[in-house]
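Please walk me through this structure by question and answer. Keep it brisk.

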Amino acid sequence: MLPVLPVLVPLAAAVLSLAAWGRPRAQRAIGVAGTAGLLAAGLALLARVSAGGIQVVRLGGWPSPFGIAFVADLLSAILVTLAGVMGLAGAWASVAAVDGPRQANGHWPALLVLLAGVAGAFLTGDLFNLYVWFEVFLMASFVLLALGGTRPQLAGAIRYVVMNLLSSTLFLVAAGLLYGMAGTLDLAELSLRLRAHPSPALVSAVGMVLLAAWGIKAAIFPVFAWLPPSYAAPPAPVAALFSGLLTKVGFYAMLRVFTLVLAPAGAVPRGLILALAALTMVTGVLGAVAQGEIRRILAFHSVSQMGYLLLGLGLGTPLALAGAIAFLVHHSLVKSNLFLVSGAVERIAGTDRLDRLGGLWASRAGLGVVFLVTAFSLAGIPPLTGFWAKLALLRAGVEAGAWGMVAVAAGVGVLTLFSMTKIWSEAFWKAAPAAGPGEAAAAAPGETGPGLLLPAGALALLVVGLGLSAGPALALAERAAAGLADPSAYVRAVLGPGGAP
Amino acid sequence: MGPWIALVVGGLWAAGIFLLLRRSLVKAVLGLALLGYATNLLLVAAAGTARRAAPIVPPGADALPPGAADPVPQALVLTAIVIGLGVQAFVLVLLKRAHAETGSDDLDRLEGKDP
C-alpha cells in the first residue's frame, strides 16, 4: 500500500480542495496539509525501501506483466521524497506570494494534481501508465502556467503547451511501437523481451523516438526554446515548482527506461547522448550570459544544468549514474530556491531587470545570504551540494576517459559562477539606481514581510545540510545507481523469481 | 493493409507538423489534433490490422479462442482519445483567451513583436 500513498494523498487533497471551492482559507490549509502529507509518505517510503528493498504493489491484484504495477525502488523513493520537499516549499511560498484571485481560481487543486501526477510518474512500472501520469501533471501545469492570463503568461503557455503535446504524442508513438514489437508495456517484462529482440537497430530506433519525446520535456539541446519564456512568466512559486520538478520528470523517464529497458538490449546511443549533453550545457550557459533579467538567467541555467544530468546518463557507469541522481536532487533544491529569491526580489523592487535593481545587500541582508549560499551551490563551490554532485560526475568522466566532456563540464561551471556573480553584483551589491518617474509606485518597498524569505531560507538550510552530510547522501545515491546499472533486482522484484534473465 | 496504414499515419503526421509550423494558433490546434488522430491509428495498427474475432472468452473455456483480437491497444486508444479530448478543450480555451487579449491568432503579436 505504501508505494501508492504518495499518489493518493495529494489526489485526495486535490478532490477536497475542489470541494472547498470559494473558501480560499480552507483551500490553502488543504494545500499545505496535502503537500506535507506527500512529504511524509515519501519519507516513509524511502525508509521502507532503504531497509527492505524494492516495494511492489499490483493494483487490482493482477499478476505482473498483465496488471499495472507500482514499483518503488530507491531512485523512485528518493525522487518522491524530493517531490514532497518541493511541493511543501511551493505551497509555503504560494501562501506568501501567489495573489488572492489566482489562489481562489484553481491554484491549489492544480498544484495538488500536479504533485500527484509527478509522484505517479516516479512510481509506475508500466510504460503506458507513465504516459498517463505525464498527461495528468501536464494538464495541471498548463493550468498553473496560464492562471492569471497575463500576456507573457499566455505567450509562454502556448509555447509550452504546443511543445509538450508534441512530446506526448511522440511518447505515445513510441509506446505503441514498443507494444507492437514486444507485446507488453510492463517495464520489467519489456526489459526481458527486448533483450531477446532479433534487431537491436529497431529497438534503438524506438529509443530515439523516446529520446526526442523526453528530450523536449527535459528541455535539452536543441528543443529547449519553450522553457525560458514559460518559466519567466508565472508567479515565482509556480516557476520554482516547475524548475524543481517538471524537467526532472522528463529526465527521470529517460534514466529509468534507458537503463532498465534499452541498455540491456544494447540500444542506448551513448555517443549521441554525450554530444547532446555537451551542447545542452554550453548553449544553456551562453544563453544565460546574454540575459539581463534574473528569471531568464535562471531559466537558461536550468537548460544548462540538464546537460550535467545527460552527462551522467551518457557515461552510464554506476558512479556517473550516482552523480546524476545526486545532481538531480541538488539542482531541484537549488534552482527552485533561486526562483523563490528572484520572486522576493521582484516583490521588493517591482522588477527583476538587473539594470533597474541594486542596493539589496544594504536593505535585505537576509535575502542576500540565502541567495549567496544557493548561488554558490549552483556554481559548485565546496562544501555545498553542487560541488559533491559535480565532483562525482567529473570523477566518472575521468574514469571513463571522456576528457572532452570533463573539460566542457568544468568550463560551464566557471561560466555559471560568472552568471551568479553578475546577479549578485548587479542586484545586491551596486548602489540602487535612481527610480525613473513611472517606477516610483512599483518600486515602493513595503509589502514584503518575511513571505518568501522563510521557505527560501528553509531550502537554503537543506542545501547546506545536505552538503555537510555529503557522505551518507552520496552513499544513498550510489545504492540507487547500483539498482539502475544492474536492473536484474528490479525485474525480479516485479516479475518474481521466475523473471530472472 | 499494413503499408497503407503506415502511409496514412505518415501523411497525417506530416500534415500535423506542417500546421504546427505555421504562425497561426488555429492551425497549430488543428495540427495537434491531426497528430493525435495519426497516433491513435498507429496504436491500433500496432496490434495488427487483420480482421479477427472479438476477444471474449467463450462460456466454459478459460482462455481466448485462437485468432482473437488483442484488446490492449484498443484500451490504450480509448485512454488516448479521452486525454486528447481534454487537452484539446484546454488548448481551445487558451486560444480564445489569446484572441481576446490581442484580437489576432498570431503568436508573434502576443509576444509583443510587430507582425
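The exchange below goes from overall build to core to chain contact.

Student: What should I know before reading the numbers?
Tutor: This is a predicted model, where local features need pLDDT of at least 70, side-chain atom pairs count only at pLDDT 80 or more, and totals for chains, interfaces and linings use all residues. Residues are numbered from 1 along each chain as its sequence is written, with chains lettered from A and ligands numbered from 1 in the order written.

Student: How many helices and strands are there in chain A?
Tutor: Helices (H or I, at least four residues) and strands (E, at least two) are DSSP runs, numbered from the N terminus. On that count, chain A has 21 helices and two strands.

Student: Which helix of chain A gives the most to the largest nonpolar core?
Tutor: Such a core joins buried Ala, Val, Leu, Ile, Met, Phe, Trp, Tyr and Cys residues through C-beta atoms within 7 Å. Buried means 20 or more other C-beta atoms within 10 Å of a residue's own, with C-beta atoms placed from the backbone. The largest core has 237 residues, and A:Ala326 is among those with the most contacts inside it. With 20 residues, the top contributor is helix α13 (residues 318–349).

Student: How many residues does the contact take from chain A and from chain B?
Tutor: Two residues are in contact if their C-beta atoms, placed from the backbone, lie within 7 Å. The contact takes 23 residues from chain A and 26 residues from chain B.

Student: Where does the largest share of the side of chain A that touches chain B come from?
Tutor: Both α5 (127–146) and α6 (151–182) of chain A supply at least two residues of that side. The largest share, 16 residues, comes from α6(A).

Conventions
Buried ≥ 20, exposed ≤ 12 C-beta atoms within 10 Å, placed from the backbone.
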